[in-house]
Amino acid sequence: MGLSFRILGPAQVLRDGRPLRLPGGRPTALLVTLLLHAGLAVPVERLRQELWGGQAPASAVANLRTHASHLRHLLTAPGEPARLRAENGGYVLRVDPGELDAAEFERLVAEGQAAHADGRPGDAAPLLERALALWSATEPPPAYGPATAAAFDRLRERRAAGRETYAACRLDLGDRGSPALLALLRGHLAENPLREPGWALLMTAQCRAGDRAAALTTYRAACRALAGELGVTPGPELTELYRAVRRHEPRPPAGRPPARTRDRPPGDLRPASPVPHELPCPTTPFVGRRAELARLRTALTAARERPATVSVYGMAGTGKSALALHAAAAALDAFPDGQLHLDLGGSVAGTAPSPLRVAARVLRSFRAGAAEPVPLGLAEARARIRSLLFDRRVLLVLDNVADPAQVDGLLPVRGGCALLLTSRCPVPHTDRPLRLDPLPPADGLTLLRAVAGDRRVDAEPEAAAAVVALCEGLPLALLTAAGRLAECPHWTMARLARLLGDEGHRLAETGLRPRLTASYHRLGPAAPLFRRLGGAPTGPVTPELAAALADAPTEEAARALDRLVAAQLAEPAGPGRYRIGDLVRLYAAELDAADPPGGAHRVRPTRDCPPGNPGPGG
């Protein structure tokens, strides 16, 4: 039988079915961390951070070597090659197929969800049942480090999705609200009260059992959970299910799978394979944003019978793209027919792809290798996309939207597709756009720790707090500035804080200049006033002050300030008052200094680009 590893509960290692005696504490935490990265070299520094965080003693690396040596002897039988070996400045643990319960769980869930999406609930249910049975009734112990905690969060998310798919299969197979199914769904929602598909499945099961009163009570409980945690109301599927229960109407099983590929009529353009999976793996640390992630995930998974368009907007550098990718990854299982990712070029100044190029790119993702003529025009391309997406569940992450026309007309009239958009300014006609603000100081400090390391932050806490403040809580600025510490390991945190405190260097050290340039190029007639605001004193700006700086009438200056707000270069600070961040002000001063002598421009109104709508700007 060999070795088997169990981490979906208390950590265990079994040899030939008999448990081995694991050392407690950090040696076991080291084993779990290596199991979650099986086959990959995990650097010693990363292991040190995972096991000790900011409290690592001077002997941490030596202790790590000792723990690794003990595990190597424990896991290697006589005559076998070593399971654990040092490689590339870290450690690699070899795990063969079928030995790790977490890997088996993910495999079974993927196969079960694929069978369910293909319309084979009879094949899917036993696969998912086996997957869920791999979890112990006792939860895994708390993780030592953030990477391990994030890995277990992802596994729990997969378990939640697997439970819902399993419950949908049971309903598809004729389960009439059995006590076992009801107990499964109640326990699932006790752990995951914000998952609307789970509430819908429980209501459906209760109706199948003939208990409509319980289904109505469940809906009210869902409303309380969503309002209390997220401040939102249930999505259209759950609301329509509630209305159907009130009307005593029959309702198809929740979570009904899409039409089976082999049953599609001749001439259907939808490809059976390959299914596109284009979401990139995040390459930078991500912290905080729990409420925003939950809101986006709820909005995305609410797309069932009708498509949804969800958008995130905010000023340059707030981390919109990173948030969108994490939200898309969290909702991955809700879109079995594919996930697309396109950068529409709105984050930096330049030539963004035309709407036709965007549509052609979407078509290529679904027609890989197909000999199909290129559409002659935009209308034809969009019509083909709607045919491809009709009645399917596909997620399109369209990042850095530069122009609303790039994303118009892509969604069909029916099906569970979703558009997740990021842009500098709100995109019209989207469902409850989410404005993303800078990180609060505590989360900014956590992000700085993730890049610079706990030791540097703990050694100079005041300088670290100053770095976060000078970067104004913008993730892009923090990541760029902290990258200087990685490039210059001999630097202190205080030296970085002094560099950022110098207004002549701050903008360059935050990486914001090209992003702010994209916003500036879309200001139109408000651009001259923006440049003049670089000379404004620190503090709120009024239309009267802006008018004096730009030599313009007060009303025109007020309209120009409204355009700055729409472009996310300023924000309201009370009636007749506007706040401009220091980084934006430094950029405006830089532009003003480059303006030729005598180049003062009056702010002129425009009819074709009204105040408050300067275009999305990525």
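Leaving aside its neighbours within four places in sequence, which residues is Thr28 in contact with? In this predicted model, the residues that Thr28 touches beyond that range are Ala11, Leu22 and Pro23. Thr28 itself sits in helix α1, which covers residues 26-36. Its relative accessible area is 15%, so Thr28 is buried. With Pro23 there is also a polar contact: the side chain of Thr28 reaches the backbone oxygen of Pro23 at 2.3 Å. Leu71 stands 43 residues from Thr28 along the chain, and the C-alpha atoms of the two are separated by 8.6 Å.

Two other helices can be followed next. Helix α4 spans residues 101-117 and helix α6 spans residues 146-172. They pack at an angle of about 40°, and their axes are 10 Å apart. The crossing of α4 and α6 is left-handed. On the α4 side, the residues that meet α6 are Ala102, Phe105, Glu106, Val109, Ala110, Gln113 and His116. Their counterparts in α6 include Arg154, Leu155, Arg158, Ala161, Gly162 and Asp172.

Further along the chain comes a sheet. Strands of a sheet pair through backbone hydrogen bonds, either parallel or antiparallel. Here 5 strands form an open sheet, the pairing is parallel, and the order is β8-β9-β10-β7-β11. Why is one side of β8 and of β11 left without a neighbour in the sheet? Strands β8 (339-343) and β11 (431-435) stand at the edges and each has a single partner strand, so one side of each has no neighbour there. From one strand to the next, the twist averages 15°.

The pairing of β11 can be traced in detail. Strand β7, residues 308-313, runs parallel to β11 and is joined to it by 3 bridges. Tyr313 has Arg435 in β11 as its bridge partner. Helix α12, residues 320-330, packs on the sheet and touches β7, β8, β9, β10 and β11. The direction of α12 makes about 160° with that of β10.

The loop between β9 and β10 holds Gln406. Is Gln406 buried or exposed? Its relative accessible area is 2%, so Gln406 is buried. Not counting neighbours within four places in sequence, Gln406 is in contact with Leu344, Ala352, Pro353, Pro355, Val358 and Val401. A polar atom of the Gln406 side chain lies 2.8 Å from the backbone oxygen of Pro353.

Now to the nonpolar cores. The largest has 56 residues. Among those with the most contacts inside this core are Leu448, Val467, Met493 and Phe530. Setting aside neighbours within four places in sequence, Phe530 is in contact with Tyr520, Leu523, Leu564, Leu569, Val584, Tyr587, Ala588 and Leu591. Of these, Leu523 and Leu564 are also listed with the most contacts inside the core. Apart from this core lies another, of 36 residues, and among its members are Ile7, Leu47, Leu100 and Leu155. Leu155 is one of the α6 residues that meet α4.

A last residue to look at is Glu509, which lies in helix α20, residues 506-510. Its relative accessibility is 12%, so Glu509 counts as buried. Beyond four places in sequence, Glu509 touches Ala477, Thr480, Ala481, Arg484, Leu499 and Leu500.

Key:
Residues are numbered from 1 along each chain as its sequence is written. This is a predicted model: local features need pLDDT of at least 70, side-chain atom pairs count only at pLDDT 80 or more; totals for chains, interfaces and linings use all residues. Side-chain values use heavy atoms; hydrogens and water are left out. A nonpolar core is a set of buried Ala, Val, Leu, Ile, Met, Phe, Trp, Tyr and Cys residues joined through side-chain atoms within 4.5 Å. Buried means under 20% relative accessible area, exposed over 50%, partly exposed in between (1.4 Å probe, protein chains only). Contact means heavy atoms within 4.5 Å. Two strands pair if DSSP finds at least two bridges between them. Helices (H or I, at least four residues) and strands (E, at least two) are DSSP runs, numbered from the N terminus. Axes are lines fitted to C-alpha atoms, for helices over the stretch in contact, and angles run from 0 to 180 degrees between N-to-C directions. A polar contact is a pair of N or O atoms within 3.5 Å; within protein, one must be able to donate a hydrogen and the other to accept it, and residues adjacent in sequence count only if both atoms are side-chain atoms. A crossing is left-handed if the near helix is turned anticlockwise from the far one by less than a right angle, and right-handed if clockwise.
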